[in-house]
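Work through the exercises below with the sequence and the 3D structure at hand. Try each task before reading its solution.

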Amino acid sequence: MKKSQYIWYNGKFVNWDKATTHVLSHGLHYGSGIFEGIRAYSDNANAFIFRLEDHYSRFYNSGKVSLIKIPFSQKKLQEATVQLIKKNKLKNCYIRPLAFIGEGSIGINPGNNKVNVIIAAFEWGTYLEKNGIEHGIRAKISSFARMGVNSFMTKSKISGNYINSVFAKREAIQLGFDEAIMLDNDGYIAEGTGENIYIVRNNIIKTTPITTVLEGITRDCVIKIAKDNNIEVQEQKFTRDELYISDEVFLSGTAAEITPVREVDDRTIGNGKPGKITKLIQDEYSKIVSNKNPLYASWLTKV
């Protein structure tokens, strides 16, 4: 991550180092915040924010689910995002909107504490590194199960929920892997620590239903790309041993983009290299986000 000059904070552009909050903010103590991850890409001439409106619609849905009332309109935040990228003179960048409950009541119930909103935009490479994108990553089935639907909300990006992913990610890294894959409470494959997951068998893509996982915006892209290329997609549960014997495995997410998985639990997936369907999805996704596929031009917001 490369520091930018400005962060949008409660309606104002402030210097990066001055975008601070009080140490007794409710969100800091209890994770009472919501966030989004968005990317902008360049076609060399211009920057384009990918699925800006869809990301902010999910942001507001997260607020509804978590009872966090965002004190700005969606239109205002979308406009602020465009202006922030311009002020920071960015083209390829990652964008992080965050709404969190501030200081006041320090008890579990935040009462009438103020809700703060920030938007940061900065240069940040793909989440699982360039080498992972090109050659695939090594993953491990985590000892930490994905929290169940009676424990957290699966349709919202609530800050506190992600401690589950933090534990799984740190365990995987400490054991020498690149990423963790989490199971649901019934023992089926759920998702990565910040990505949806897919397997390919007999030229058919299978992915976990959204019942127990995040309704990924990149996931929606993957499904549309696959269908446009006459590749069947099945949304159904699958087990870890079916994952082991898959021809291909890949992950998707705004931060991770489309990342192949070459190995899981020391078992080689397919021939140990990104497969043809994974590479097709990667290539088509890259064209879409960089304004090289006019069929998906409506997904791009020019900066």
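The exercises go from the overall fold to the cores, then to the empty spaces, and end with a single residue.

The model is predicted: local features need pLDDT of at least 70, side-chain atom pairs count only at pLDDT 80 or more, and totals for chains, interfaces and linings use all residues. Residues are numbered from 1 along each chain as its sequence is written, and side-chain values use heavy atoms, with hydrogens and water left out.

**Exercise 1. Describe the overall fold.**

Step 1. Start with the elements, which are DSSP runs numbered from the N terminus: helices are H or I with at least four residues, strands are E with at least two. The protein has eight helices and 17 strands.

Step 2. Compare the radius of gyration, taken over C-alpha atoms, with the globule rule of 2.2 Å times the number of residues to the power 0.38. The value is 19 Å, close to the 19 Å that the rule gives for 303 residues, so the protein is as compact as a globular protein of that length.

Step 3. Along its principal axes the C-alpha trace spans about 55 × 45 × 30 Å.

Step 4. Count burial, where buried means under 20% relative accessible area, exposed over 50% and partly exposed in between, with a 1.4 Å probe and protein chains only. Of the 303 residues, 54% count as buried.

**Exercise 2. Find the nonpolar cores.**

Step 1. A nonpolar core is a set of buried Ala, Val, Leu, Ile, Met, Phe, Trp, Tyr and Cys residues joined through side-chain atoms within 4.5 Å. The largest one has 25 residues, and Ile49, Leu77, Ile85, Ile95, Ala99 and Ile119 touch the most other members.

Step 2. At least two residues of this core come from each of β4 (38-42), α2 (52-66), α3 (74-87), β6 and β7 (115-122). The largest share, five residues, is that of α3.

Step 3. Take Leu77 and list its contacts (heavy atoms within 4.5 Å). Leaving aside neighbours within four places in sequence, Leu77 is in contact with Trp8, Tyr56, Phe59, Tyr60, Ile70, Phe72, Val117 and Ile119.

Step 4. A second, separate core has 23 residues, including Tyr198, Phe250, Val289 and Leu300.

**Exercise 3. Locate the empty spaces.**

Step 1. On a 1 Å grid over the protein atoms alone, a cavity is a set of points where a 1.4 Å probe fits but cannot get out; a pocket is an open set with protein on both sides within 12 Å along at least five of seven lines, and lining residues have an atom within 4 Å of a point.

Step 2. The largest pocket is lined by 31 residues, and Phe35, Lys157, Tyr162, Thr193 and Gly194 lie nearest its centre. Elements giving two or more residues to this lining are β6 (93-101), α5 (163-174), α6 (217-228) and β14 (248-253).

Step 3. Among the residues that line the largest cavity are Arg146, Phe152, Glu191 and Leu214. Tyr162 is also one of them.

Step 4. The lining of the second largest cavity includes Asp247, Pro260 and Thr278. Two or more residues of this lining come from each of β14 and β15 (257-264).

**Exercise 4. Is Tyr296 buried or exposed?**

Step 1. Tyr296 is in the loop between α8 (276-289) and β17 (300-302).

Step 2. Its relative accessibility is 9%, so Tyr296 counts as buried.

Step 3. Not counting residues up to four places away in sequence, Tyr296 touches Lys224, Ile225, Asp228 and Ile288.
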